[in-house]
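Here are my notes for anyone opening this structure for the first time. Have a look at it first, then read on.

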Amino acid sequence: MTLHASTGVISGTPTGFGGSYVTVQVTDAFTAKPQSVTNNLLTIFRPANSARNDTVITATPIGPGIYNASLSPYWDTRTDTESDHDYYQLTAIAGAMVKVGARALYTQTSGVLDTVIEIVDANGIRLQKCWSQSSYNYTGECLNDDQYSGTTDSLLQLQVPGTAGQDVVFFLHVLDWRGDARPDMLYELNISGTK
C-alpha cells in the first residue's frame, strides 16, 4: 500500500490482513491564524477479495499474535446488528491449550469499548469447555465479558477438543457488551496456542 503525499490517496492491493497507525493532520484555510489538529488513526487492510468479518461464514483467518482492530472495522451503511460483531477463524491442534484475550484501547474521541468474547464452532454454537477467571476450571461455557471485576478486558482459555494430532477449526466472536460500538472504538486481540 502507498500513500500519495500531496493528495492523501492510499492505493495498492493488499495481499494479506494487517493494520497500521497513520498520523493525520488537518489545517483549516484561515490564513491569518490557521488552526491544526493531529490524530493517530488505525488503518486496517484486507485483501481485495475478502468479505466482511461479521459472521462465521465471513470470518477473518488469523494465527497467534497481537492484532489491533475496531468493531466492526468493515462497517458500512447496513442497519442490521451484524455490523456490531467480528468473527475470526482460528486453527489449532486438538489437545492444544489456546488463550484468547480482548482488551479495549482507549482513545479520547471514542471512549472505551466493553469487549465480550466467545468461542464458537462452525455453526456459531458456543463451546462449553473453557476456563475463565469466574469458573477456574475447564467446565465453564466459552463466553467472557470481564476478565475480573473492575475491567472491561476479556480472557478465555480453551483446551482444543477433537482427535489428538488433528487440526481443529473454531471461531472467536468479539462484540460490545453495550451494543453501541462504532468503527472508531478500538480493541486489541492477543492469541496464543493456535497455528
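The points below cover confidence, one sheet, one pocket and one residue.

1. Start with how far to trust the coordinates: this is a predicted model. Its mean pLDDT is 77, and 69% of the residues reach 70 or more. Among the elements of the protein, strand β13 (residues 167-176) has the highest mean pLDDT, 93, while strand β4 (residues 36-45) has the lowest, 67.

2. One stretch deserves a flag while we're on confidence. Over residues 73-82 the pLDDT is below 50. In the model, this stretch still has 17 contacts beyond near neighbours in sequence.

3. Now the sheet. It is an open one of 5 strands, with mixed pairing, and reading across you get β5-β7-β13-β9-β11. Which strands sit at the edges? They are β5 (60-61) and β11 (143-144), each of which pairs on one side only. As general background, strands of a sheet pair through backbone hydrogen bonds, and they can do so parallel or antiparallel.

4. For a closer look at one pairing, try β9 (residues 115-120) with β11: the two run in the antiparallel sense and share 2 bridges. If you want a spot to click on, Ile117 has Asn144 in β11 as its bridge partner.

5. Next, the second largest pocket, whose volume is about 160 Å³. There are 12 residues in its lining, and those nearest the centre are Gly101, Ala102, Ser154, Leu155 and Asn190. The elements giving two or more residues to this lining are β8 (97-105), β12 (154-159) and β14 (186-192). Which of them gives the largest share? That is β8, with 5 residues.

6. What is the lining of that pocket made of, by class? The split is 3 nonpolar, 5 polar and 4 charged residues.

7. Last, a residue worth selecting: Ile93, which lies in strand β7 (residues 85-93). Is Ile93 buried, partly exposed or exposed? Its relative accessible area is 37%, so Ile93 counts as partly exposed, the class between under 20% for buried and over 50% for exposed.

8. Ile93 also has company from elsewhere in the chain. Leaving aside neighbours within four places in sequence, Ile93 is in contact with Val160, Gly165, Gln166, Asp167 and Lys195. Try the distance to Gln159 as well: this residue is 66 residues from Ile93 along the chain, yet the two C-alpha atoms are separated by 9.7 Å.

How values were computed
Residues are numbered from 1 along each chain as its sequence is written. This is a predicted model: local features need pLDDT of at least 70, side-chain atom pairs count only at pLDDT 80 or more; totals for chains, interfaces and linings use all residues. Side-chain values use heavy atoms; hydrogens and water are left out. Two strands pair if DSSP finds at least two bridges between them. Helices (H or I, at least four residues) and strands (E, at least two) are DSSP runs, numbered from the N terminus. On a 1 Å grid over the protein atoms alone, a cavity is a set of points where a 1.4 Å probe fits but cannot get out, and a pocket is an open set with protein on both sides within 12 Å along at least five of seven lines; lining residues have an atom within 4 Å of a point. Grid points are joined across faces, edges and corners, and a volume is the space filled by probe spheres set on the points. Ala, Val, Leu, Ile, Met, Phe, Trp, Tyr, Cys and Pro count as nonpolar, Asp, Glu, Lys and Arg as charged, and the others, Gly among them, as polar. Buried means under 20% relative accessible area, exposed over 50%, partly exposed in between (1.4 Å probe, protein chains only). Contact means heavy atoms within 4.5 Å. pLDDT is the predictor's confidence in each residue, from 0 to 100.
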